[in-house]
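Biologist: Please take a close look at how the side chains pair with one another in this chain, beginning with the aromatic rings, and explain each step carefully enough for a first-year student to follow along in the viewer.

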Amino acid sequence: MRFDVDSLRVFAAVVEQGSIAAAAQATHIVASAVSRRVSELEQDAGVALFARHSRGVRPTPAGQTLYRHARRIFEQIAQAEGELHEYTMGVRGHVRMSVNLTAMAYYLPRALQSFLSANAAIRIDLIEKTSDLVLRMVENGTVDFGICALTEPVAHLACRPYRVDRLFVVVPARHRFARRTSLRFEDVLDENFVGMQDGASIFTLSQRAAAASGRRLRLRIQVTSFEAVRNMVAAGMGVGLLPEIAIGRKDANLVKVPLDEPWAFRPLEIVARDFGALPAAAKLLVEQLVDG
């Protein structure tokens, strides 16, 4: 079956107006032309799209189905026209994104500076949240897209790979583990633990790993930043778990030891409800982040 958009618009007008005559007035087309287009659609479809009655017409079940699809087609055309118009004017717009601490502090500053330098008409609202809250904000449409570490699959969202973090155990310089070349997570379960806040993906992974060993973390203190984890560990409060990029320069009071676990390689993902439905500005930013 072949459709043309003009005929679908006439068909939709007949459904919405309830009669050929009213649809003719609404579309500024003579009634005979409206009737001919409807007949051609019915002939092409091989099924009646309207039931005629004394006061006009009403769509058959087949007509109702075609009408639903027609409305979606009109919406997609309008979206495409809007996005193409943005490109003709130079991409402009407002991007809303939520990201976890790792992305905010270490990966995005230079990437966003480069993007905004090339796209001065785009404004970005950047919100830092724990990974679980990033997902929630994407799910409820508060933001266009997010960047977070997934601790379990999310089949209801679209995901694109962004970066991979390597996790390390950080211990005080004089700690008995300081000379180890690697550590299993169960090795540290007898130690006091400096943890990130609830909802942070590293803390969630740590809790799950402890539970898988039939143990619980000996949580000494919880903090809200990687810098605080480093400082607390360096002061002798316990051991912690950090992405390598967050450990930074060499510290005489701190030693990093590779974590020997499959989950020590922590993927960061760009997540959205539908990448294809993103506004042009958000879509452009996602492409630059993925390519970068």
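Modeller: A residue counts as buried when its relative accessible area is under 20%, as exposed when that area is over 50%, and as partly exposed in between. Please keep in mind that this is a predicted model. Phe185 has a relative accessibility of 2%, and because the limit for buried is under 20%, Phe185 counts as buried.

A search of the whole structure finds 5 aromatic pairs. One of them joins Tyr107 and Tyr162, whose ring centres are 6.1 Å apart and whose planes make an angle of 80°, an arrangement called edge-to-face. Tyr107 belongs to helix H5, which covers residues 101–118, while Tyr162 belongs to strand S6, which covers residues 158–172, so this pair ties together parts that are 55 residues apart in sequence. Both Tyr107 and Tyr162 are buried.

The rings of Phe185 and Trp263 have their centres 5.4 Å apart, and because their planes stand at 70°, this pair is edge-to-face too. The pair links distant parts of the chain, 78 residues apart: Phe185 is in the loop between S6 and strand S7 (192–196), and Trp263 is in the loop between strand S10 (254–258) and strand S11 (265–272). If you then look for Phe193, you will find that ring pairs link Phe185, Phe193 and Trp263 into a cluster.

Rings can also be found beneath charged groups. The charged end of Arg160 sits over the ring of Phe275, at 5.7 Å from the centre of that ring. In a similar way, Lys256 lies over the face of Phe168, with a distance of 5.1 Å to the ring centre.

From the rings we can move on to pairs of opposite charge, which the search counts as 13 salt bridges. One of them joins Asp165 and Arg266, and their closest N and O atoms are 2.6 Å apart. Asp165 lies in strand S6, the strand that also holds Tyr162. Arg266 lies in strand S11, so the salt bridge with Asp165 ties together parts that are 101 residues apart in sequence. Asp165 is buried, with a relative accessible area of 2%, and its partner Arg266 is also buried, with 3%.

The next salt bridge to find is the one between Asp4 and Arg37, where the closest N and O atoms are 3.8 Å apart. Asp4 lies in the segment before helix H1 (5–17) and Arg37 in helix H3 (residues 31–45), so here the parts that are tied together are 33 residues apart in sequence. Neither end is buried: Asp4 is partly exposed, with a relative accessible area of 37%, and Arg37 is partly exposed as well, with 26%.

Another salt bridge joins Glu16 to Arg71, with 3.2 Å between the closest N and O atoms. This pair again links distant parts of the chain, since Glu16 is in helix H1 and Arg71 in helix H4 (residues 61–88), 55 residues apart. Glu16 has a relative accessible area of 43% and is partly exposed, and Arg71, at 32% relative accessibility, counts as partly exposed too.

While you are looking at these helices, please find His28, which is in the loop between helix H2 (20–27) and H3. Most residues other than glycine have a negative phi. His28, however, has a positive phi of about 60°, although it is not a glycine. With a relative accessibility of 74%, and because exposed means over 50%, His28 counts as exposed.

It helps to set these pairs against the whole chain, which has 10 helices and 11 strands. Of its 292 residues, 42% count as buried. Among the contacts with a separation of 6 or more, 74% are between residues 24 or more positions apart. The C-alpha trace spans about 90 × 45 × 25 Å along its principal axes, and the radius of gyration of the chain is 29 Å, whereas a compact globule of 292 residues would have one near 19 Å. The accessible surface comes to about 15,700 Å², and 49% of that area belongs to carbon and sulfur atoms.

How values were computed:
Residues numbered from 1 in each chain as written. Heavy atoms only, no water. Phe/Tyr/Trp six-rings, centres within 6.5 Å; stacked < 30°, edge-to-face > 60°. Helix = DSSP H or I, 4+ residues; strand = E, 2+ residues; numbered from the N terminus. Buried < 20%, exposed > 50% of the residue type's maximum accessible area, 1.4 Å probe, protein only. Lys NZ or Arg CZ within 6 Å of the ring centre and 35° of its normal. Rg over C-alpha atoms; globule rule 2.2 N^0.38 Å. Contact = heavy atoms within 4.5 Å. Areas by Shrake-Rupley, 256 points an atom, 1.4 Å probe, with all protein chains shown as cover. Salt bridge = Lys/Arg side-chain N within 4 Å of Asp/Glu carboxyl O.
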